[in-house]
Amino acid sequence: MRFRALSRVALASLALLFAAGLAAQQPSLEDPPNPPLPVLHVDNGSNSAAAQRAHYVVLVSLDGFRWDYAKRDAATHLLSLGRHGVWAPDGMIPSYPSLTFPNHFTIVTGLYPEHHGLVANSFYDETRQARYAIADPKAVTDGSWYSGTPLWSLAESQGMRTACFFWPGSEAKIAGFQPTYYLKFDDKIDDNARIQQVLSWLRLPAADRPHFITLYYAEPDHEGHEFGPDAPETKAAVLKVDALIGKLKAGLDSTGLPIDLVVVSDHGMARVEGGWITLDQFADLTGFDTAGALLYGKSEQDRARVYNQLKQASSQFVVYRRKDVPAALNYSQNPRSGDPVVIATGPYALRAHAPPAARPDPPPIPGMHGYDPRKMPQMKASFFAAGPDIVEGKTVAPFENVNLYPWLAHMLGLTPPPSDGSLNVLSGTLRDGGADKGN
Ligand SMILES: [Zn+2]
């Protein structure tokens with residue numbers, strides 16, 4: 001009895017000591033995530049000899065990180081990254097609409113949303129008679145919804161292994177390939193474990209080590225929506241993701257590998273003004289399919305009628321027949337954008353219909369994005385980058401995010417297909433000036 005009692009005490013003490021030891025010890029980013037994360041592996045073969053000699057690019061997205069947050073909130077790690085490399089102090093210009101999926105996929109394809117096909121987070125396709133929605137895993141993982149060649153598919157097709165710790169489109173087979181390593185989107189996965197996983201990938205043998213890696217954080221977008229862009233909660237989220245960038249940078253430096261770290265966001269955030277603007281109060285939308293404020297008329301007669309009804313209806317939106325949408329928006333060519341096309345003139349909450357009467361109709365959330373970045377500078381996104389391919393201490397004027405694609409491909413030594421972007425726009429930020437690598 002006595003022995004067993006002592007033993008229990010001893011065991012408890014040991015457990016306490018163990019727990020204290022764990023608490024005192026900083027969880028090391030050098031260790032692989034424990035428990036291991038559900039990483040999916042696609043066998044695309046080994047890195048080619050040329051790929052093994054190539055540099056590395058880690059592309060991080062901080063969702064909804066508005067262009068002016070870093071300076072406003074003194075995000076020291078991001079500002080330091082910019083000082084040691086390049087950044088866009090006046091922001092990067094997202095593509096229209098300034099929404100998450102359209103812009104993430106623009107960043108990795110160099111195509112405007114109307115060309116890569118994700119014209120909104122949710123939309124209708126008349127030809128397929130089907131809907132795409134970011135919350136629908138079946139649509140998200142179906143490669144036939146996407147056009148263009150995302151960077152990971154470009155790299156894989158040219159013998160270079162890639163890994164995606166989340167990125168819109170990364171769970172589908174697009175342009176013939178999936179990333180060698182990827183995860184199903186699950187925002188509950190721990191922030192630090194994501195960094196541990198990225199570093200684990202970079203410790204793989206050279207034959208299997210991914211050279212292009214994406215990493216995604218959903219903050220500060222959540223807080224910007226829920227509390228508004230100027231709320232203390234949003235500032236706290238800004239500083240939280242900034243600290244993560246600091247940890248990631250230190251971890252990347254410790255690998256000794258030639259890694260270019262590129263941190264971007266998809267769009268900014270604006271405080272919503274007023275209540276809902278519901279389009280069916282201005283026009284008879286009978287027979288229209290709708291998605292958000294996108295309108296899909298079934299006949300030319302219907303489209304012309306609704307266009308005329310909405311034309312002079314409000315100063316809070318403008319309406320165009322799709323073919324007449326201003327060229328700067330790049331939103332006139334894809335039927336998935338609907339017809340007519342309604343565009344907010346300010347930070348207003350547009351929708352086609354109110355939810356069915358049985359459900360409550362809460363007011364719009366405090367923060368929103370999706371607007372025309374040329375009319376609303378709050379939509380502009382962030383851009384910071386540093387590494388062996390990037391010049392030190394340079395700033396760039398606002399540029400369209402389609403230009404990231406040829407720039408990232410160049411750093412990886414890949415030959416990109418034609419896109420809506422041009423290497424000329426950012427070539428001044430490259431140590432080699434964007435010259436042909438000759439491989
Ligand atoms: Zn958002």
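In strand β18, the residue that stands as bridge partner of W87 is F384. Before following this pair further, it helps to know that the model is a predicted one, in which local features need a pLDDT of at least 70, side-chain atom pairs count only at pLDDT 80 or more, and totals for chains, interfaces and linings use all residues. Residues are numbered from 1 along each chain as its sequence is written.

The strands β3 (residues 86-87) and β18 (residues 383-386) pair in the antiparallel sense over 2 bridges, where two strands are said to pair if DSSP finds at least two bridges between them. Strands of a sheet pair through backbone hydrogen bonds, either parallel or antiparallel. Both strands belong to an open sheet of 9 strands with mixed pairing, in the order β1-β7-β6-β8-β2-β9-β18-β3-β19. At its edges stand β1 (40-41) and β19 (394-395), each with a single partner strand, so one side of each is left without a neighbour in the sheet.

Helices also meet this part of the chain. Helix α9 (residues 191-202) lies across β2 (56-62), β6 (162-165), β7 (181-182) and β8 (212-217), and runs at about 180 degrees to β8; such angles run from 0 to 180 degrees between N-to-C directions, with axes being lines fitted to C-alpha atoms, for helices over the stretch in contact. Helix α11 (residues 232-255) packs on the sheet as well, touching β2, β8 and β9 (259-264), and its direction makes about 170 degrees with that of β9.

A separate pairing is found in the hairpin of β4 and β5, which has 4 residues between the strands and in which Q129 takes a positive phi near 50 degrees. Strand β4 (residues 122-125) and strand β5 (residues 130-133) run antiparallel and are joined by 4 bridges. Within this hairpin D125 stands opposite A130 of β5, while F123 stands opposite Y132 of β5.

Taken as a whole, the chain holds 13 helices and 19 strands, these being DSSP runs numbered from the N terminus, with helices (H or I) of at least four residues and strands (E) of at least two. Buried residues make up 48% of the 439 residues, a residue being buried if 20 or more other C-beta atoms, placed from the backbone, lie within 10 Å of its own. The C-alpha atoms fill a box of roughly 85 × 70 × 40 Å, taken along the principal axes.

Key:
Buried ≥ 20, exposed ≤ 12 C-beta atoms within 10 Å, placed from the backbone. Contact = placed C-beta atoms within 7 Å.
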